[in-house]
Amino acid sequence: MVVRVLFAVLVLMGTLLSGAALAEDVEISGSFDGYYQFSMNRPADQMIPARSFDFRHSTFSLNYAELVVEKKAEPLGFRADIGFGDASKVVHATEPAIVNGGSSLYQYLQQAYVMAKVNDKVQLDFGKFVTPFGAEVIETKDNWNYTRGLLFNYAVPFYHFGLRANFEYNDKVSYALYVVNGWNNVQDNNSAKSVAASVTMKPSEKFTVIANAMVGKEEPNSLPFANTGFGGGQLSFAAPGTPTRRLLDAVLTYEVNDKLSLMANYDYGTESHMDWKGIAAYGKVKVRDWVTVIPRYEWFQDTDGFVTGTTGQTLQETTLTFQFPVNDNSSVYVEWRSDWNRSTDPAFFHAHGYQSILVPGTIEYDMRHFQNSLLIGWTYSFTKD
């Protein structure tokens with residue numbers, strides 16, 4: 001399947017670029033990411049709540065394996081990220097093209113877009129690309145910790161499909177403007193479009209500020225308008241009362257010295273008089289050449305349960321990661337993580353599990369307000385010009 005996907009992507013890109021251009025300056029890179037994790041709650045279904053990537057208990061797991069083919073825009077270019085594993089399924093869990101019974105091809109294409117360089121400061125991209133929101137990304141090797149935090153899981157989207165315009169104002173300021181279908185949808189679920197803006201500022205070599213904002217109607221169409229005549233389908237538009245979703249995101253990074261770095265992330269989202277918000281704080285300490293210690297703390301509130309799918313939660317987590325570099329392309333991780341919610345909230349984390357007496361054949365869980373887990377992970381990457 002992966003080979004066929006890669007072949008199809010290359011054929012598509014080949015129609016947009018000349019054969020000579022395609023053969024020159026093409027960079028191929030890839031990565032692998034796997035782990036073993038044990039939850040002290042020992043969930044019977046082997047699924048760990050509040051995790052979107054590292055969610056498997058007591059089993060060797062493939063998080064993500066990826067192959068990237070890219071040609072820089074000179075003036076035309078393309079990029080295709082082909083991947084498989086648990087992460088690719090999680091990222092595309094709400095993709096309308098898949099949920100509505102379409103091809104699962106999209107889940108193997110993390111990114112697929114063409115690029116056009118207008119001049120030295122402006123570049124246009126069209127297609128599917130990862131979101132600029134959040135302090136973390138899909139690839140483990142590019143994050144500080146091994147596991148993804150609460151904010152990356154719940155507060156922000158993973159990807160978009162549409163048009164992106166990148167502007168490099170100078171060596172200290174750059175920004176991007178987006179017109180996209182919405183949150184996590186190649187196939188739009190309504191007729192509205194979402195717009196976003198991203199600004200990156202570097203007041204100094206050690207300090208970086210990234211600010212993102214997005215607004216748009218993300219709920220499915222709710223106002224049938226007329227039959228299209230094509231297959232008996234309906235042409236429909238977002239109703240005037242369809243709620244608008246808004247999201248603000250800020251990431252601050254400060255490199256204190258060559259051994260200590262700090263990072264903070266803040267997110268605030270709202271829709272239909274419901275909101276969610278959270279903060280995350282990170283530290284990275286290079287203790288020795290062979291070990292780096294990375295603590296993380298997060299607080300996330302979803303009062304109405306809009307993004308967690310519950311009656312409402314205030315979640316917190318602390319993570320302590322030990323990264324052991326094998327070489328420039330590979331690292332081993334050992335990570336301890338504790339998640340919990342306030343005692344006044346409904347229990348969110350399930351543990352153990354036993355056969356139901358009232359409903360034979362089903363499992364009932366011992367619900368808890370906390371969970372602890374220990375993980376060992378490994379990442380490997382390569383780049384070939």
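Val179 is found in strand 7. I start there, and I should say at once that this is a predicted model. At 45% relative accessibility, Val179 counts as partly exposed, because the buried class ends at 20% and the exposed class begins over 50%. Val179 also belongs to a nonpolar patch on the surface, of about 550 Å². The other members are Val118, Leu124, Phe126, Leu163, Val195 and Val215.

Now the strands around that residue. Strand 7 covers residues 173–180, and it pairs with strand 6 in the antiparallel sense, over seven bridges. What do strand 6 and strand 7 form, with four residues between them? They form a hairpin. To find one rung of this pairing on your screen, look for Phe167, whose bridge partner in strand 7 is Tyr175.

Strand 6 has another partner. Strand 5, residues 122–130, runs antiparallel to strand 6, residues 159–168, and nine bridges join the two. At one of these positions Val130 stands opposite Tyr159 of strand 6. A general point for reading such a sheet: in a regular strand, side chains alternate between the two faces.

Next, a residue in strand 6, namely His160. Is His160 buried or partly exposed? His160 has 2% relative accessibility, so it counts as buried. Its side chain makes a polar contact with the side chain of Thr131, at 2.9 Å. Setting aside neighbours within four places in sequence, His160 is in contact with Gly127, Lys128, Phe129, Thr131, Pro132, Phe133, Val180, Gly182 and Met214.

On to charges. Side chains of opposite charge can pair when their charged atoms come close. How many salt bridges does the structure hold? There are 19.

One of them lies between the strands I have just described. Asp125 forms a salt bridge with Arg164, and the closest N and O atoms are 3.0 Å apart. This pair links distant parts of the chain, since Asp125 is in strand 5 and Arg164 is in strand 6, 39 residues apart. Both Asp125 and Arg164 are buried.

There is also a network. Salt bridges with shared partners join Arg51, Asp54, Glu136, Arg296, Glu317, Arg337 and Asp339. Within it, the side chains of Asp54 and Arg51 meet at 2.6 Å, N to O. Asp54 has a relative accessibility of 2%, so it counts as buried. Arg51, at 7%, counts as buried as well.

A further salt bridge brings together the side chains of Glu70 and Arg79, at 3.5 Å from N to O. Glu70 is buried, because its relative accessible area is 9% and the buried class takes in values under 20%.

Now the backbone, where I have three places to show you. The peptide bond from Glu74 to Pro75 is cis, with omega near -5°. Pro75 sits in the loop between strand 2, residues 60–71, and strand 3, residues 76–84.

The other two places concern phi. Ser58 has a phi near 55°, which is a positive value in a residue other than glycine. You will find Ser58 in the loop between strand 1, residues 26–39, and strand 2. With a relative accessible area of 29%, Ser58 is partly exposed.

Asn184 has a positive phi too, near 50°, and is likewise a residue other than glycine. Its loop runs between strand 7 and strand 8, residues 194–201. Why does Asn184 count as buried? Its relative accessibility is 11%, and the cut-off for buried is under 20%.

Last, the whole protein. It has five helices and 20 strands. Of its 385 residues, 45% are buried. Among contacts between residues at least 6 apart in sequence, 59% join residues at least 24 apart. The Asp125 and Arg164 pair, as I said, is 39 residues apart. The protein exposes about 18700 Å², and carbon and sulfur atoms supply 62% of that area.

If you want to go through it again on the screen, begin with the hairpin of strand 6 and strand 7. Then move to strand 5, which is joined to strand 6 by nine bridges. From there, pick out Asp125 and Arg164, both buried. That is the end of my part.

Conventions
Residues numbered from 1 in each chain as written. Predicted model: local features only at pLDDT ≥ 70, side-chain atom pairs only at ≥ 80, totals over all residues. Heavy atoms only, no water. Pairing = 2+ DSSP bridges. Patch = residues over 30% accessible without salt bridge, like charges linked within 9 Å, V, L, I, M, F, W, Y side chains within 5 Å. Areas by Shrake-Rupley, 256 points an atom, 1.4 Å probe, with all protein chains shown as cover. Salt bridge = Lys/Arg side-chain N within 4 Å of Asp/Glu carboxyl O. Buried < 20%, exposed > 50% of the residue type's maximum accessible area, 1.4 Å probe, protein only. Polar contact = N/O pair within 3.5 Å; in protein donor to acceptor, adjacent residues only side chain to side chain. Contact = heavy atoms within 4.5 Å.
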